[in-house]
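Here are a few friendly notes to read alongside the model. Keep the 3D view open and follow the points in order.

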Amino acid sequence: MLDTLPESFRDTALIRLFGLTKVPLIFFMRPKVIELNDKRCAVKVPLNRRTKNHLNSMYFGVLCAGADCAGGLSAMKQIMNSGKKVSLAFKEFNAKFLKRAEGDTVFVCEQGEEIKAFVEKVLASEERHHMPVYIKAYCPDISETEVVAEFTLELSLKKK
């Protein structure tokens, strides 16, 4: 039955279920998966009463969680495709907030192929490995190309 649903719907259900059961803040933000494939992950977080600050722009904590969703989902997809069990965590987090996010925000990770190779490296080892993951955030309703924030998260993986 799930195979008959559009892929973006299934991916959105996956991230929301993960949020509901593991990280309630993710569920609360209502992220939507725009694109998830072997090259790219794009996650949209709506600007609404739940996600905005007193300046009517996206709260910086929500921006950080959106970056976590895009980078984490990209890694989760590669881990699920491997069929193996891998412990996933982020070890470091750096952010640059370049402009107020005054609309729905899309978080994009374009390192799918690198993450896939990284997961393969982790599966061939018994040790924990680390890799920087880069995320850019855009507000497409305001500007398709202007970056509102940039994030670097250090992905930390170990085979279980």
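1. Let's begin with the lining of the largest cavity, which by class has three nonpolar, one polar and three charged residues. The residues to pick out are Lys99, Arg100, Cys139, Ile142, Ser143, Glu146 and Val148. The volume of this largest cavity is about 40 Å³, and the count of cavities of 30 Å³ or more comes to one. Please keep in mind throughout that this is a predicted model.

2. Next, look at the largest pocket, which holds about 500 Å³ of space. It is lined by 19 residues, and those closest to its centre are Phe18, Gly72, Met76, Val86 and Leu88. Which elements supply at least two residues each to this lining? They are H1, helix H3 (60-82) and strand S3 (86-97). H3 gives the most, with seven residues. By class, the lining of the largest pocket divides into 12 nonpolar, two polar and five charged residues.

3. The second largest pocket has about 160 Å³ of space. You can find it by selecting Glu7, Arg10, Asp11, Leu14, Leu36, Lys77, Met80 and Asn81, which line it. H1 and H3 each supply at least two residues here, and the largest share, four residues, comes from H1. The lining of the second largest pocket is made up of three nonpolar residues, one polar and four charged.

4. Now for the surface: Val23, Leu25 and Phe28 make a nonpolar patch of about 240 Å². Val23 sits in the loop between helix H1 (7-21) and helix H2 (24-29). Why can Val23 belong to a patch, given its relative accessible area? Patch residues need over 30% relative accessible area, and Val23 qualifies on that count because its value is 31%. With that value, Val23 is classed as partly exposed.

5. How many salt bridges does the structure hold? There are seven. One of them pairs the side chains of Arg40 and Glu35, at 2.5 Å from N to O. Arg40 is partly exposed, with a relative accessible area of 26%, and Glu35 is likewise partly exposed, at 26%.

6. A further salt bridge links Lys39 with Glu113, whose closest N and O atoms are 4.0 Å apart. Lys39 lies in the loop between strand S1 (32-36) and strand S2 (41-45), while Glu113 belongs to helix H4 (residues 112-123), so this pair ties together parts that are 74 residues apart in sequence. Are these two partners buried or exposed? Lys39 is exposed, and so is Glu113.

7. Another pair worth finding is Lys159 and Glu126, a salt bridge with its closest N and O atoms 3.1 Å apart. Because Lys159 is in strand S6 (residues 147-159) and Glu126 is in the loop between H4 and strand S5 (129-138), the pair ties together parts that are 33 residues apart in sequence. Lys159 counts as partly exposed, at 25% relative accessibility, whereas Glu126 counts as exposed, at 59%.

8. Finally, some salt bridges share partners, and these join Glu35, Arg40 and Glu110 into one network. To place that network in the view, you could start from the Arg40 and Glu35 pair described above.

Definitions and conventions: Residues are numbered from 1 along each chain as its sequence is written. This is a predicted model: local features need pLDDT of at least 70, side-chain atom pairs count only at pLDDT 80 or more; totals for chains, interfaces and linings use all residues. Side-chain values use heavy atoms; hydrogens and water are left out. Patches are made of residues with over 30% relative accessible area and no salt bridge: like charges are joined within 9 Å, nonpolar side chains (Val, Leu, Ile, Met, Phe, Trp, Tyr) within 5 Å. Accessible areas come from the Shrake-Rupley method with a 1.4 Å probe; for residues, only the protein chains shown count as cover. Buried means under 20% relative accessible area, exposed over 50%, partly exposed in between (1.4 Å probe, protein chains only). On a 1 Å grid over the protein atoms alone, a cavity is a set of points where a 1.4 Å probe fits but cannot get out, and a pocket is an open set with protein on both sides within 12 Å along at least five of seven lines; lining residues have an atom within 4 Å of a point. Grid points are joined across faces, edges and corners, and a volume is the space filled by probe spheres set on the points. Ala, Val, Leu, Ile, Met, Phe, Trp, Tyr, Cys and Pro count as nonpolar, Asp, Glu, Lys and Arg as charged, and the others, Gly among them, as polar.
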